[in-house]
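Trainee: May we study a structure together, one question at a time?
Mentor: Certainly; please look at it before we begin.

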Amino acid sequence: MSKLPHLGLYIHIPFCERKCPYCDFNTYAGLEALHQATVDALCAEMERWAARVAQYTIVTIFIGGGTPTVLEARQLGQLFETIHRCFRVAPTAEITCEANPGTVDQAKFAVLRKLGVNRLSMGVQSFRPDELRFLGRIHSVEDVYTAYATARAVGFANINLDFIFGLPGQTESDWQATLDGALTLAPEHLSLYSLIVEPDTPLFHWVETGRSEAPDEDLAATLYEMALVQLSAAGYVHYEVSNWARRLEPEDEHSEMPRLACQHNLIYWRNQAYLGIGPGAHSHLHAHEGGLSVERRWGNRKPVAGYNRRVQTGGPLEEFIEEIPPRLAMAESMIVGLRLVREGVRLDRFLALHGVLPTAVFADELKQLHEAGLLTVDDERVRLTRRGLLMGNQVFLQFLPEASS
């Protein structure tokens with residue numbers, strides 16, 4: 001399928017104890033009766049792919065959702081047994097599992113460690129009780145401290161914590177309290193996301209009907225800049241627009257990619273190959289047909305019962321399949337690559353993927369964005385400037401084919 005030997009594996013667990021009002025992910029609450037059937041279907045889908053990706057080495061595994069830790073220990077064990085039976089997993093693979101601080105205990109964390117999970121990602125979102133309530137989270141601030149201490153106690157040495165900023169009515173002091181709480185715990189990795197009002201979510205309805213204010217974009221920018229300053233001072237490397245890794249001295253001081261960066265997400269940001277398993281999961285692979293390399297992306301059917309039924313009957317799982325034209329593939333490499341703050345779009349990596357340099361394909365766009373002070377271009381890479389970082393979406397749009405036509 002691909003000249004590239006490495007592959008990222010994503011497995012989607014579409015279950016939560018409660019659906020958060022801002023979430024537009026393919027997740028569902030109240031479907032406990034479908035847990036086992038879905039685990040069986042996930043394993044069957046992996047078996048479908050075993051021979052087709054036999055030439056790949058799985059270098060990262062990400063168990064996401066939803067909340068994977070709502071599954072029973074034996075169901076998690078069933079998933080991992082199938083992963084190792086169906087795929088060639090690198091001995092050094094980064095294996096991440098998402099967890100909600102309100103759905104874990106010491107026994108569950110111990111099971112994850114025993115199964116080989118070596119990176120934990122917990123959705124904390126806030127250290128303010130009122131914000132946790134607004135976000136519909138089932139955990140308390142105390143639950144966060146308890147879950148974090150438990151994860152450390154069973155041996156997790158690589159932990160990411162997720163947070164959300166820019167909530168309606170949030171103040172700088174509110175955000176400061178959350179930053180202080182995060183830095184007190186000193187995790188290896190932090191992910192900070194600005195709240196987005198997604199269509200077809202309860203939050204969207206609240207804003208539309210006046211139950212909630214809309215997020216203030218100017219305030220969100222101010223809160224983001226607070227994080228930039230304070231996390232850097234606390235020893236974190238800002239390596240991607242929304243992600244920071246704790247600096248390991250002296251290796252990370254000047255390197256383009258810190259050692260504790262999320263290796264699985266780097267596959268996405270470098271526009272490389274990944275396989276998604278589960279309802280609604282997306283994949284991105286290269287196929288070779290008639291001597292030509294064809295880039296394809298597809299997504300599985302979203303409804304859980306329909307996905308399970310199609311796996312059982314041997315039917316097609318894809319909800320959509322698209323071939324990515326070369327010009328669009330190159331634009332996507334620019335868009336995702338520019339999210340990498342230090343690394344940017346490396347010219348050698350772009351050339352290896354697309355057979356041409358970005359400075360040739362996007363000469364006009366790069367010139368205009370450079371003159372506007374939004375990008376830097378040198379002999380090795382293209383990167384966002386500090387101003388470009390704050391105007392990223394406007395920069396990214398310039399590379400899409402429609403923008404240049």
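**Backbone and surface**

Mentor: Gly66 lies in the loop between β4 (57–65) and α2 (73–86). Please bear in mind that the model is predicted.

Trainee: Which residue does a cis peptide bond join to Gly66?

Mentor: Most peptide bonds are trans. Here, however, the bond is cis, with omega at about 15°. The partner joined to Gly66 by this bond is Gly65.

Trainee: Is Gln125 buried or exposed?

Mentor: Gln125 belongs to strand β6 (residues 119–125). Its phi is positive, about 75°, although Gln125 is not a glycine. The relative accessible area of Gln125 is 7%, and buried means under 20%. Gln125 is therefore buried.

Trainee: Where does Asn271 lie?

Mentor: Asn271 is not a glycine, yet it has a positive phi of about 60°. With a relative accessible area of 8%, Asn271 is buried. Its place is in the loop between α9 (263–269) and β11 (274–277).

Trainee: What span does helix α11 reach from its first C-alpha to its last?

Mentor: Helix α11 covers residues 326–337, twelve residues in total. Its buried residues include Ala329, Met330 and Gly337. At 1.5 Å a residue the expected span is 16 Å, and the span in the model is close to this, at 16 Å.

Trainee: Which residues form a negative surface patch together with Asp218?

Mentor: Asp218 lies in helix α8 (residues 217–233). Its relative accessible area is 63%, and exposed means over 50%, so Asp218 is exposed. The other members of the patch are Glu213, Asp216 and Glu217.

Note on methods: Residues numbered from 1 in each chain as written. Predicted model: local features only at pLDDT ≥ 70, side-chain atom pairs only at ≥ 80, totals over all residues. Heavy atoms only, no water. Patch = residues over 30% accessible without salt bridge, like charges linked within 9 Å, V, L, I, M, F, W, Y side chains within 5 Å. Areas by Shrake-Rupley, 256 points an atom, 1.4 Å probe, with all protein chains shown as cover. Salt bridge = Lys/Arg side-chain N within 4 Å of Asp/Glu carboxyl O. Lys, Arg positive; Asp, Glu negative; His and termini not counted. Charge placed at Lys NZ, Arg CZ, Asp CG, Glu CD. Helix = DSSP H or I, 4+ residues; strand = E, 2+ residues; numbered from the N terminus. Buried < 20%, exposed > 50% of the residue type's maximum accessible area, 1.4 Å probe, protein only. Expected span 1.5 Å × (residues − 1).
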